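Q: Could you take me through the salt bridges in this structure, one pair at a time? I'd like to know where each partner sits.

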Amino acid sequence: PDRRQEILNAALACAAEHGIDAVSIEGLRAHCGASVGSIYHHFGNKEGVVAALFFDILAEQSRSVQAQLDASQGAEGGVRALVTGYLDWVEARPERARFLFQARSPVAAGPRAAELAQAAQQRNAALLAWFGPHRTS
């Protein structure tokens, strides 16, 4: 993987071992050997690393759930796909799921809060578009 991805993998490892507060510049360096300059070049600071990893994982989770939704039929099938798609993803990727849960509040309170709101809007719009034809009056 490229240096950016190595740093993100290190951030996930740090968070998995000791929680999100353990994600630090020194911890990242210890896990992947990246220089301080490289970390700052790619992410700006520790909060930038956490936010970048959060958005990468959120996009992965959304694609996974959306794929199950797209393969389903009918409103009931769609609801089942949402629930099982999410639970299947959490079961298959527990460290990533835990990170999403732990990082949501710091990201929502940080400089990328607007981006998080936009991601939620896009995700909701996709769900509404899928369920729209299944609505009954």
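A: Here is a walk through the salt bridges, with a little background first.

This is a predicted model, in which local features need pLDDT of at least 70 and side-chain atom pairs count only at pLDDT 80 or more, while totals for chains, interfaces and linings use all residues. Residues are numbered from 1 along each chain as its sequence is written, and side-chain values use heavy atoms, with hydrogens and water left out.

The chain has 7 helices and 0 strands; helices are DSSP runs of H or I with at least four residues, strands are E runs of at least two, and both are numbered from the N terminus. The structure holds 7 salt bridges, each one a side-chain nitrogen of Lys or Arg within 4 Å of a carboxyl oxygen of Asp or Glu.

Let's start with Asp56 and Arg4, whose side chains meet at 3.3 Å, N to O. Asp56 belongs to helix α4 (residues 46–70) and Arg4 to helix α1 (residues 3–18), so this pair ties together parts that are 52 residues apart in sequence. Asp56 is partly exposed, at 29% relative accessible area, and Arg4 is partly exposed at 29% as well. On this scale, buried means under 20%, exposed means over 50%, and partly exposed is in between (1.4 Å probe, protein chains only).

Next come two pairs that each stay inside one helix. Glu26 and Arg29 form a salt bridge at 3.3 Å, N to O. They are 3 residues apart in helix α2 (residues 25–32), which puts about one helical turn between them. Arg29 is partly exposed, with a relative accessible area of 35%.

In the other pair, the closest N and O atoms of Glu76 and Arg80 are 3.0 Å apart. Both residues lie in helix α5, 4 residues apart, again about one turn. Here the two partners are exposed: Glu76 has a relative accessible area of 54%, and Arg80 comes in at 52%.

Then there is a network: salt bridges link Glu60, Arg93 and Arg96.

To put the pairs in context, look at charge over the whole chain, counting Lys and Arg as positive and Asp and Glu as negative, with His and the chain ends not counted. The mean positions of the 13 positive and 14 negative charges are 3 Å apart, taking each charge to sit at NZ of Lys, CZ of Arg, CG of Asp or CD of Glu.
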